[in-house]
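Please find below a colleague's note on the model, set out as numbered points. Each point takes up one topic and can be checked against the coordinates.

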Amino acid sequence: RSPSESPSEMDGAPSDAPDALSPPALSRPIKGKIVSKRPAGLLMDINRDSLGLLPWKELRNVPRKLRKIGRVLRHLREAHVDVKDRIILKR
């Protein structure tokens with residue numbers, strides 16, 4: 001081993017391997033249209049087979065005029081998918 005080799009090259013791993021700490025594929029930015037308001041949050045149509053729920057606690061800094069049915073919110077991310085395949089969103 002030469003001193004100029006990086007630790008990943010010394011282990012035989014390719015240098016363009018994905019980082020173990022990279023975010024999961026679910027966290028891509030998405031946009032959604034508000035279809036209804038529920039006690040748990042806003043139901044969003046995110047162009048998938050199921051709707052996403054954006055909890056009220058994620059909407060604290062969003063102006064009320066942007067929280068109306070029919071408005072589009074951008075830069076949303078999927079927080080997780082629960083056991084019933086419901087998508088929970090975050091800002």
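**Notes on the model**

1. The structure is a predicted model, and the confidence values deserve to be read before anything else. The protein chain averages a pLDDT of 76, and 66% of the residues score at least 70. Over residues 17–25 the pLDDT stays under 50, and for this stretch the model has zero contacts beyond four places in sequence; I would ask that any figure make this segment recognisable as such.

2. As to overall composition, the protein chain holds one helix and five strands, and the order of these elements from the N terminus on is α-β-β-β-β-β. Of the 91 residues in the protein chain, buried residues make up 26%. Among contacts between residues at least 6 apart in sequence, 46% join residues at least 24 apart.

3. The strands form a closed barrel of five, running β1-β2-β3-β5-β4, and the pairing within this barrel is mixed. From one strand to the next, the twist averages 50°.

4. Several of the pairings can be described individually. Strand β1 pairs with β2 (residues 41–45) in the antiparallel sense over five bridges, and the two are joined by a hairpin through two residues. On its pairing with β4, β1 is again antiparallel, here over three bridges; within this pairing Ile30 stands opposite Leu76, while Lys33 has Val72 as its bridge partner in β4. Strand β4 in turn pairs with β5 (residues 87–90), in the antiparallel sense and over four bridges, and Val81 stands opposite Ile87 of β5.

5. The largest nonpolar core consists of twelve residues, namely Ile30, Ile34, Leu42, Met44, Ile46, Leu54, Leu59, Val62, Leu73, Leu76, Ile87 and Leu89. The elements that give two or more residues to this core are β1, β2, β4 and β5. One of the core residues, Leu54, has an extended list of partners once its neighbours within four places in sequence are left aside: Leu54 is in contact with Ala40, Gly41, Leu42, Met44, Leu59, Leu73, Leu76, Leu89, Lys90 and Arg91. It may be useful to note that Ile30 and Leu76, which face each other across the β1 and β4 pairing, both belong to this core.

6. Which residue of β2 is the bridge partner of Ser36? The partner is Leu43, and Ser36 itself lies in strand β1, which spans residues 30–38. Ser36 has a relative accessible area of 14%, and it therefore counts as buried, the limit for that class being under 20%. Its side chain is joined to that of Arg38 by a polar contact of 3.5 Å. Beyond its neighbours within four places in sequence, Ser36 is in contact with Gly41, Leu42, Leu43 and Ile69, so that its bridge partner Leu43 also appears among these contacts.

7. Is Lys68 buried or exposed? Neither word fits, because its relative accessible area is 47% and the residue is classed as partly exposed. Lys68 is placed in the loop between β3 (52–55) and β4 (72–81). Lys68 and Ile34 are 34 residues apart in sequence, yet their C-alpha atoms are 7.1 Å apart in space. With its neighbours within four places in sequence left aside, Lys68 is in contact with Ile34 and Lys37; of these two, Ile34 is also listed in the nonpolar core.

8. His75 merits a separate check of its backbone geometry. Its phi is near 60°, a positive value in a residue other than glycine, and the residue is found in strand β4. Most residues other than glycine have a negative phi, which is why I raise the point here. His75 counts as exposed, because its relative accessibility is 63% and the threshold for that class is over 50%.

How values were computed: Residues are numbered from 1 along each chain as its sequence is written. This is a predicted model: local features need pLDDT of at least 70, side-chain atom pairs count only at pLDDT 80 or more; totals for chains, interfaces and linings use all residues. Side-chain values use heavy atoms; hydrogens and water are left out. Buried means under 20% relative accessible area, exposed over 50%, partly exposed in between (1.4 Å probe, protein chains only). A polar contact is a pair of N or O atoms within 3.5 Å; within protein, one must be able to donate a hydrogen and the other to accept it, and residues adjacent in sequence count only if both atoms are side-chain atoms. Contact means heavy atoms within 4.5 Å. Two strands pair if DSSP finds at least two bridges between them. pLDDT is the predictor's confidence in each residue, from 0 to 100. A nonpolar core is a set of buried Ala, Val, Leu, Ile, Met, Phe, Trp, Tyr and Cys residues joined through side-chain atoms within 4.5 Å. Axes are lines fitted to C-alpha atoms, for helices over the stretch in contact, and angles run from 0 to 180 degrees between N-to-C directions.
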